[in-house]
Amino acid sequence: MADLVDCTVHGPQEETFVCQHLAQSLKTMKPVGFFYSSEPRGDAWCSQCEEVRIREGGPTGDWNERSEAFAQIKILCGACYDKVRAINKL
């Protein structure tokens with residue numbers, strides 16, 4: 001079972017992880033790209049973070065200290081994650 005987070009908007013929800021840019025898109029409502037690790041609510045990151053991940057991660061594109069620092073991962077509730085996904089047309 002997934003860990004829960006108590007969202008001020010949605011109450012207790014599944015804990016999810018997204019980059020700072022996706023979290024910010026909840027406020028701006030502007031799409032920033034959406035990459036994710038798995039379904040249904042895998043860790044997610046934006047187009048800018050994807051570019052940095054590939055550039056910094058070498059041939060395998062692995063996450064490392066520099067790409068993780070750029071992403072500045074944030075916790076969102078499952079409902080907020082779904083909204084971010086919809087903003088980015090997924």
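These legends accompany close-up views of a predicted model. Local features need pLDDT of at least 70, side-chain atom pairs count only at pLDDT 80 or more, and totals for chains, interfaces and linings use all residues. Residues are numbered from 1 along each chain as its sequence is written, and side-chain values use heavy atoms, leaving out hydrogens and water.

**View 1. Helix 1 packs against helix 4.** Helices (H or I, at least four residues) and strands (E, at least two) are DSSP runs, numbered from the N terminus. Helix 1 spans residues 20-28 and helix 4 residues 78-87. Their axes lie 9 Å apart, at an angle of about 80°. Axes are lines fitted to C-alpha atoms, for helices over the stretch in contact, and angles run from 0 to 180 degrees between N-to-C directions. That makes helix 1 roughly perpendicular to helix 4 (65 to 115 degrees; under 35 is roughly parallel, over 145 roughly antiparallel, the rest oblique). L22, S25 and L26 of helix 1 meet C80, K83, V84 and I87 of helix 4. Contact means heavy atoms within 4.5 Å.

**View 2. Helix 2 has a buried side.** In helix 2 (residues 47-56), C49, E50, V52 and R53 are buried. Buried means under 20% relative accessible area, exposed over 50%, partly exposed in between (1.4 Å probe, protein chains only). The four cover an arc of only 165° around the axis, which puts them on the same side of helix 2. The arc is that of the directions from the helix axis to the C-beta atoms. E51 and R55 are exposed, on the face turned away from the buried side. The buried residues pack against helix 1, strand 3 (35-36), strand 4 (44-45) and helix 3 (65-71). Just after helix 2, G58 has a positive phi of about 70°.

**View 3. R85 of helix 4 is buried.** Its relative accessible area is 13%. R85 touches F34, Y36, E39, P40 and L90, not counting residues up to four places away in sequence. P40 sits in the loop between strand 3 and strand 4. The peptide bond from E39 to P40 is cis, with omega near 0°.

**View 4. M29 and Q72 have positive phi values.** Most residues other than glycine have a negative phi. M29, in the loop between helix 1 and strand 3, has a phi of about 65°. M29 is partly exposed, at 45% relative accessibility. Q72 lies in the loop between helix 3 and strand 5 (74-77). Phi of Q72 is near 45°, and Q72 is partly exposed at 40%.
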